[in-house]
Amino acid sequence: MKNKLTLLLLLFFCSHGISAKVMKTMNEPDSAYLFAYATDKNTHHNGLHFAWSIDGWNTWYAIGPEHRFLGSDYGTWGPQKRMLDPVVFQDKDGLWRCLFSVNEKDGVVANASSADLINWRPQSYPILTTAGNCGAIEVGYSTPKDEYCISWVSKTGTQQGVYGTTTKDFHSFTPVIELRDELYRINQRVRLLVDGKYQTGTIHKVSWQTIDELIKAHKMADYKRILHSEKMADDPTRFASLKPVQASITINPEQSKSISDMLIGIFFEDINYAADGGLYAELVQNRDFEYDPSDKKGSDPQWNSTKAWSLQGDAAAFTIDTINPIHANNPHYALLHVERVGAALVNEGFDGIPVKAGDKYIFSLFARNPQGKGGEVRVRVIDAQGKSCGEATVKCTSSTWKKQEVVITATRTATNATLELMPQSTGTLHFDMISLFPQKTFKGHRNGLRPDLAQTLADMKPRFIRFPGGCVAHGDGLDNMYRWKNTIGALEARKPQRNIWNYHQTAGLGYFEYFQFCEDIGAEPLPVLPAGVPCQNSSHGGHGQQCGIPMSEMQDYIQEVLDLIEWANGDAKSTWGKKRAEAGHPKPFNLKYIGIGNEDLISDVFEERYAMICKAVQAKYPEMIIIGTVGPFYEGSDYEEGWRIATELGLQMVDEHYYESPGWYIHNQQYYDRYDRSKPKVYLGEYAAHLPGRPSNIETSLAEALHLANVERNGDVVSLTSYAPLLAKEGNTQWTPDLIYFNNTEVKPTVDYYVQMLYGQNAGDTYIPSRMSLSDQSSAVTKRMVTSVVRDSRTGDYIVKMVNLLPVAVKTKLDLKPLGALAAEATYTVLSGRPNDKLAKPVTGTVSISDTLEGEVPAYSFCVLRVKSLR
Ligand code: AHR
């Protein structure tokens, strides 16, 4: 084997000749030299660069500076996503390939390919060895063998030295062997001075056209960057000479088309304390004593089983034990040993416990009394001044785990109370699942949701709810994937786990509660399950990258996916339908949609597992609408590959994600107009307009309103949308901006929320084309004034939406005649403000209707006009 590899290395191939058709002007060369390299700037995060030279020797011109033609998506954000020592070469078929190292410790040979050096895909990160790293990668090709040999230098682990493998396709690789004589390695890399610094990389002679295309790609990227960074703050300059603008709008019902009546939904993810301490109404933090240092990757010494608990008083001990727990999924419990009555175990809640005078709270716990003596425990809710806000007594006399429950009526209101458990006799007691739950939950469900937050979501009139994420769905490493079966059934038997956003999930808000909430507000459930791979940005478990469920376990995993459908839709006598019935819902939930994967890296590991899952669901439940995944961006390798696979698999829909600047939305208004209608439909599952480092304001909300107007026009190809993320608890955020902020007692919808709400409340199922003629036809103006007209067949109402991103009011003349007989009065709603306004709220009113409606759309506003048809 060694000799074979040696031979292969000696057969290292040089760059191929120049095959591209040369399209050049007279004074350009036929060919030039291209240098492919990565700099060490930004700790190797800047990816693949190119520089060109006419003589290939003295002078090199960077196509940049620091322009990234290919980035690394390996591992977690921050320390990973690095590219070291790239080797670029043309394979035997003329396809460009780039192989690179990802860090100094992992045995990974990253590789991607490209026909034009501009568009690279897919990105693949095969782990070739776990015994060393793959540094200074070199590659060769054997014509007689028709295979490539890859060699590298390993400086870590047990495999130190020069190692290699062979491959025919860069998907499968022969076992790694040691190459004992480094002399056989042919060094493809050279060192050149680019931008005043020596860089290491590979040189190729290419057509001038190839270089020209690279330069143009860089210029285009720059141009887009400038467009997309346009801000309203520049409007005074941009529109310095803007004259008053008039618009006349005509509506053309003859060309109406059906659109999705499900366009506005919500994306729920347990991020920013959206679930525990948020929508899930439990008031006790760490009720199960399962907080673990690993929840926060060990960064917080206080974060353990005792988090949020404290012992008050002397002559007592509070410890954590794991002997004979209530359930194996819930192994930790509290042991309270009291030698003098007066000591108490106290919980601080999530930023305090809020209670309201007159409201009832269900206190419950599991207790065990090993000595069988005493056992009376006084339970009190105490405000910040030490006054009791309500109390009760429970008797914990059983020597085995037993649940106790009592209702406490609050006698006073407090925002920052604590919960105190004070044994009334000396001795030892064991406690677990200590809960204080408001009786007033959304729709009065036990183990339910915070009513004010749930109602705010319901007010959006969402047609579906996606859950449980986001990244929470695919998780931080294989062991952290969200497994739905761990989240149903008795609370004490559910399996809590680390939250990828670095805190803890109790799973108290689990699949049953999600489905129930959907039913409560008339929204379709849309669960998203992992595609057999965890998040590509994983920092935990696995090898620091995506990895996948071992093939030997995939059938079990696929069964788990199929079981969810039976649990949701099966007969109450079926194995899983029975569990749903036992939880209190004998009727099926009528699940129609299932998401597989969440913006995953589309690698070989992913594709294999994803296809297995999708095919199994298609075979057993052909009526199920499977939503595939197409990466985290609106373009690029994962987007392209995701679309390819979804189309090949015949999936009904794909889940697109993009968080972009307001300028992106302004300059990409035809994004969906170009989509092939015969391909899968689109679920725009995560999106928002972001101003770097700034919260949502009128500028972001109008960009989103504009985008949704464009989406409505394309409602025949876009079926569902959901803004992300949804909820954020003040002081506990991992992501900004979010749609709705809250604290323990207040809900604070953002301006972006009102846009979602207005679209949700004013949805239609027919799109009616309209034409707007503006007095100023410059593209800066026409791109900033957009209309969408829809009809809601349930009510017969016509809805006209107008978005004005201009700094001036637009006088409008709306010709309503083509809509036929209309009610004499219409309602209107206007959301407007200065670009930086974060507190604007919609204002509603009525207006008299005639054949032509003349009015004014205020500067920086979103207006909705709703009128009844009399036909
Ligand atoms: O919405 C926040 C995060 O953004 C989601 O968890 C993830 O899917 C995306 O990257």
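**Strands, buried residues and a pocket in a predicted model**

Asn-369 is found in the loop between β23 and β24 (376-382). Helices (H or I, at least four residues) and strands (E, at least two) are DSSP runs, numbered from the N terminus. The structure is a predicted model, in which local features need pLDDT of at least 70 and side-chain atom pairs count only at pLDDT 80 or more, while totals for chains, interfaces and linings use all residues. Residues are numbered from 1 along each chain as its sequence is written, and side-chain values use heavy atoms, with hydrogens and water left out.

Asn-369 is buried, with a relative accessible area of 0%. Buried means under 20% relative accessible area, exposed over 50%, and partly exposed in between (1.4 Å probe, protein chains only). The side chain of Asn-369 makes polar contacts with the backbone of the loop. A polar contact is a pair of N or O atoms within 3.5 Å; within protein, one must be able to donate a hydrogen and the other to accept it, and residues adjacent in sequence count only if both atoms are side-chain atoms. The backbone nitrogen of Gly-372 is reached by the side chain of Asn-369 at 2.9 Å, and a polar atom of the same side chain lies 2.9 Å from the backbone oxygen of Lys-373. When residues up to four places away in sequence are not counted, Asn-369 touches eight residues by name: Gly-374, Gly-375, Cys-396, Thr-397, Ser-398, Ser-399, Thr-428 and Leu-429. Contact here means heavy atoms within 4.5 Å.

Two further buried residues lie in regular elements. Arg-609 has its place in helix α9 (residues 604-620) and counts as buried at 8% relative accessibility. Apart from neighbours within four places in sequence, Arg-609 is in contact with Ala-531, Gly-532, Val-533, Gly-548, Ile-549, Met-551 and Met-554. Gly-845 is found in strand β47 (residues 843-848) and, at 19% relative accessibility, counts as buried. With neighbours within four places left aside, Gly-845 is in contact with Ala-826, Thr-827 and Tyr-828. Gly-845 and Leu-865 are 20 residues apart in sequence, and their C-alpha atoms are 9.6 Å apart in space. Helix α13 (residues 751-761) is mostly covered, with ten of its eleven residues buried; among them are Tyr-753, Tyr-754 and Tyr-759.

Strands of a sheet pair through backbone hydrogen bonds, either parallel or antiparallel. Two strands are taken to pair if DSSP finds at least two bridges between them. Eight strands form an open sheet with parallel pairing, in the order β17-β29-β32-β33-β34-β35-β36-β37. Its edge strands are β17 and β37 (718-721), each of which pairs on one side only. At one edge, strand β17 (residues 266-267) and β29 pair in the parallel sense over two bridges, and Ile-266 stands opposite Ile-465 in β29. Strand β29 is joined to β32 (residues 524-529) by four bridges, with Arg-466 opposite Leu-526. In a regular strand the side chains alternate between the two faces of the sheet. In β29 (residues 464-467), Phe-464 and Arg-466 point one way and Ile-465 and Phe-467 the other way, and all are buried.

Further along this sheet, strand β33 (residues 593-596) pairs with β34 in the parallel sense over three bridges, and Ile-594 stands opposite Ile-626. Four of the five residues of β34 (residues 625-629) are buried. At the other edge, three bridges join strand β36 (residues 681-689) to β37, where Thr-721 is the bridge partner of Leu-684.

An open sheet of four strands has the order β9-β10-β11-β12 and antiparallel pairing. Strands β9 (135-142) and β12 (177-178) stand at the edges, each with a single partner strand, so one side of each is left without a neighbour in the sheet. Strand β11 (residues 161-167) is joined to β12 by two bridges, and Ile-177 in β12 is the bridge partner of Gly-164.

The second largest pocket has a volume of about 650 Å³. On a 1 Å grid over the protein atoms alone, a pocket is an open set of points where a 1.4 Å probe fits, with protein on both sides within 12 Å along at least five of seven lines, and lining residues have an atom within 4 Å of a point. Grid points are joined across faces, edges and corners, and a volume is the space filled by probe spheres set on the points. The lining has 32 residues, of which Arg-446, Asn-447, Gly-489, Leu-491 and Arg-494 lie nearest the centre of the pocket. The largest share, four residues, comes from β28.
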